[in-house]
Amino acid sequence: MALLHTINKSPFERNALESCMRLALEGSGILLIEDGVYGAVKGTAKSDLVAKAKSKIAIYALGPDLDARGISKNNLIDGVKVVDYGGFVDLVAEHSATQAWL
Amino acid sequence: MSDEGGTIKKFMYVNRKAPYGTIYALESLEVVLIGAAFDQDVSLAFVDDGVFQLVKGQNTKGIGMKNFSPTFNALGDYDVNKIYVEKESLAARGLSVDDLLPLKYEDEDEDWAEKDSIRVVSSAELAELLDQQDVVFSF
């Protein structure tokens, strides 16, 4: 199974999401956590990064981090899947290794 | 305002970080509340990811951190009622003023009429405001 990428930085402040998209292979997974969840929101200057990749890469966002930041599930880019902490553990277990884009 | 403490200076707190990924946002709010006791001319600016601090509907139960966003509602009672939000930062994040906390204050010069504390300003307007400050606190 392919790599799991995690991103915990805001795409407006750091280039972690850009770098990840450049280096993530088709079939891998990307989990947005902490300030990384801002990358899952539609209608922003950075929405295209996730919108363009979602057909080849599964994109996940951590629900508790969305809730903390007042991000409604209705406001996510289509295709982004919301997971809880248990789902986070499952993703780590299902993938071959994890690359954290700190 | 009394002048027994000397001249009143213009203080601006510039907030550029999202609320929970780092400690900057919470620390800034703590300093604002402490500074409010000194009767200065205080304003807050929210730029870049700092605008995320003011988004309404925050619920931090799941991440085990304190939701400090309700504390912004108290600023009006401390005579902190100039809260500038950069328009360009909101737009880049798909946000409008309707997505932000409805912060209010009571204007003592107009029979305590309730007014909005948040003022959306352009980059050019914010640049002028920054230039007018005696003291700038950066977070």
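## Working through the A/B interface

In this predicted model, the tally between chain A and chain B comes to seven residue pairs in polar contact, both partners at pLDDT 80 or more.

**Exercise 1.** Work out which helix of chain A gives the largest share of the side that touches chain B, and how that side divides by residue type.

*Solution.* Start with the helix: H3 of chain A (residues 63-68) supplies four residues, the largest share. Next, sort the residues on that side of chain A: six are nonpolar, four polar and five charged.

**Exercise 2.** Find how many salt bridges the rule gives across the interface, and name the partners.

*Solution.* Count first: the rule turns up one salt bridge between chain A and chain B. Then pick out the pair, A:Glu13 with B:Lys17. Their closest N and O atoms sit 3.2 Å apart. The cut-off is 4 Å, so the pair qualifies.

**Exercise 3.** Put numbers on the contact between the two chains: residues on each side, then buried area.

*Solution.* On the residue level, 15 residues of chain A are in contact with 19 residues of chain B. Now the area: about 1300 Å² is buried between the chains, and carbon and sulfur atoms give 54% of that.

**Exercise 4.** Describe the second largest pocket by volume, lining and residue types.

*Solution.* Volume first: about 200 Å³. As for the lining, 14 residues make it up, and those nearest the pocket's centre are A:Gly70, A:Ile71, A:Asn75, B:Val55 and B:Leu95. Finally, split the lining by type, and you get six nonpolar, four polar and four charged residues.

Conventions
Residues are numbered from 1 along each chain as its sequence is written. Chains are lettered from A and ligands numbered from 1 in the order in which they are written. This is a predicted model: local features need pLDDT of at least 70, side-chain atom pairs count only at pLDDT 80 or more; totals for chains, interfaces and linings use all residues. Side-chain values use heavy atoms; hydrogens and water are left out. Contact means heavy atoms within 4.5 Å. Buried area is the accessible area (1.4 Å probe) that two parts lose on being put together, summed over both. A salt bridge is a side-chain nitrogen of Lys or Arg within 4 Å of a carboxyl oxygen of Asp or Glu. A polar contact is a pair of N or O atoms within 3.5 Å; within protein, one must be able to donate a hydrogen and the other to accept it, and residues adjacent in sequence count only if both atoms are side-chain atoms. Helices (H or I, at least four residues) and strands (E, at least two) are DSSP runs, numbered from the N terminus. Ala, Val, Leu, Ile, Met, Phe, Trp, Tyr, Cys and Pro count as nonpolar, Asp, Glu, Lys and Arg as charged, and the others, Gly among them, as polar. On a 1 Å grid over the protein atoms alone, a cavity is a set of points where a 1.4 Å probe fits but cannot get out, and a pocket is an open set with protein on both sides within 12 Å along at least five of seven lines; lining residues have an atom within 4 Å of a point. Grid points are joined across faces, edges and corners, and a volume is the space filled by probe spheres set on the points.
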